[in-house]
Amino acid sequence: MEQNELYPIFLKLHNLNVLIVGGGNVGLEKLSFLLKSSPNANVEVVAKEFHLEIKVLAEKHPSITLTRSKFKKKMLKKRHMVIACTDDLKVNKKVYDLARKRYLICNIADTPDLCDYYLGGIVTKGNVKIAISTNGKSPTTAKRLREFFEDVIPEDINQMVENLNEYRKTLKGNFEDKVKKMNEITASLKSKE
């Protein structure tokens with residue numbers, strides 16, 4: 001059986017520089033997805049034309065820059081990650097090849113072979129965030145799982161996280177003792193009763 005070998009991480013996009021090449025519907029989708037989880041993400045969107053809703057998002061988020069231009073390789077300087085989503089496969093491939101030469105992680109929309117990472121489904125409830133991946137095979141399944149988890153995870157889960165964080169600060173002893181105590185307190189979360 002095939003196994004998902006992707007390594008999940010949670011990036012602080014307000015500390016990184018992201019480039020999106022493409023200002024159409026897919027560019028809007030990618031930008032919206034980033035901003036939903038990271039409303040202060042540092043993103044520059046480069047395109048000859050911009051979808052109206054991309055302009056609206058840029059007005060609402062001061063950390064978004066819109067650059068009306070065709071893609072140039074110098075635009076990859078001082079970047080951490082890149083998303084290419086133009087309707088020109090040659091441009092997307094060029095972005096990918098240049099990003100790889102600079103050791104930048106890159107996502108070419110709808111082209112899994114040219115992706116170092118995927119943008120999966122995300123569930124956010126306060127400080128609790130769950131990422132869902134289908135290994136790029138079925139975004140629809142990730143969407144349905146996201147909807148399921150949004151329904152079953154209680155809205156007040158964040159209060160529990162905050163309470164446990166405050167309690168954790170009061171614990172004395174070594175790391176092993178603290179872990180043992182926190183495990184005892186949270187054991188009921190995995191109870192099947």
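**Charges and core of a predicted model**

At 58% relative accessibility, Glu49 counts as exposed, where exposed means over 50% relative accessible area, buried under 20%, and partly exposed in between (1.4 Å probe, protein chains only). The structure is a predicted model, so to speak of local features a pLDDT of at least 70 is needed, while side-chain atom pairs count only at pLDDT 80 or more, and totals for chains, interfaces and linings use all residues. Residues are numbered from 1 along each chain as its sequence is written, and side-chain values use heavy atoms, with hydrogens and water left out.

Glu49 has a partner: Arg68 forms a salt bridge with it, the closest N and O atoms being 3.4 Å apart. Arg68 sits in strand β3 and Glu49 in the loop between β2 and α2 (52–60), so this pair ties together parts that are 19 residues apart in sequence. A salt bridge here is a side-chain nitrogen of Lys or Arg within 4 Å of a carboxyl oxygen of Asp or Glu. Helices (H or I, at least four residues) and strands (E, at least two) are DSSP runs, numbered from the N terminus.

Counted by that rule, there are 10 salt bridges. One of them joins Arg79 to Glu44, with the closest N and O atoms 2.3 Å apart. Arg79 lies in the loop between β3 and β4 and Glu44 in strand β2 (residues 42–47), so parts that are 35 residues apart in sequence are tied together by the pair. Both Arg79 and Glu44 are buried. Another salt bridge links Lys181 and Glu184, whose closest N and O atoms are 3.9 Å apart. These two are 3 residues apart in helix α6 (residues 175–186), which means about one helical turn separates them. Lys181 counts as partly exposed at 33% relative accessibility, and Glu184 also counts as partly exposed, at 46%.

Now for the overall picture. The protein has 6 helices and 7 strands, and along the sequence they follow the pattern β-α-β-α-β-β-α-β-β-β-α-α-α. Its C-alpha atoms fill a box of roughly 55 × 45 × 30 Å, taken along the principal axes. Of the 193 residues, 34% are buried. Taking contact to mean heavy atoms within 4.5 Å, residues 24 or more positions apart account for 54% of the contacts with a separation of 6 or more.

Helix α1 (residues 25–37) gives a look at the buried part. Leu31 lies in this helix and is buried, with a relative accessible area of 0%. Leaving out residues up to four places away in sequence, Leu31 touches Ile20, Val43, Val45, Ile54, Leu57 and Ile64. Leu31 and Ala58 are 27 residues apart in sequence, yet their C-alpha atoms are 9.7 Å apart in space. Leu34 is found in helix α1 too, and at 5% relative accessibility it counts as buried. With residues up to four places away again not counted, Leu34 touches Leu13, Val18, Ile20, Val43, Ile83 and Leu119. From Leu34 to Val18 the C-alpha distance is 9.8 Å, with their positions 16 residues apart in sequence.

A charged residue can be buried as well: Arg146, in helix α4 (residues 139–152), is buried with a relative accessible area of 18%. Apart from its neighbours within four places in sequence, Arg146 is in contact with Lys36, Ile122, Val123 and Ile132.

Then there is the surface. The protein exposes about 13200 Å², and carbon and sulfur atoms supply 53% of it; accessible areas come from the Shrake-Rupley method with a 1.4 Å probe, and for residues only the protein chains shown count as cover. Tyr7, Ile9, Leu11 and Ile105 make a nonpolar surface patch of about 430 Å², and Ile9 lies in the segment before β1 (17–21). Patches are made of residues with over 30% relative accessible area and no salt bridge, joining like charges within 9 Å and nonpolar side chains (Val, Leu, Ile, Met, Phe, Trp, Tyr) within 5 Å.

A patch of positive charge also appears on the surface, gathering Lys48, Lys70, Lys72, Lys73, Lys74, Lys77, Lys78, Lys94, Lys101 and Arg102. Among them, Lys74 has its place in the loop between β3 (64–68) and β4 (81–84) and counts as exposed at 57% relative accessibility.

Methods: Lys, Arg positive; Asp, Glu negative; His and termini not counted. Charge placed at Lys NZ, Arg CZ, Asp CG, Glu CD.
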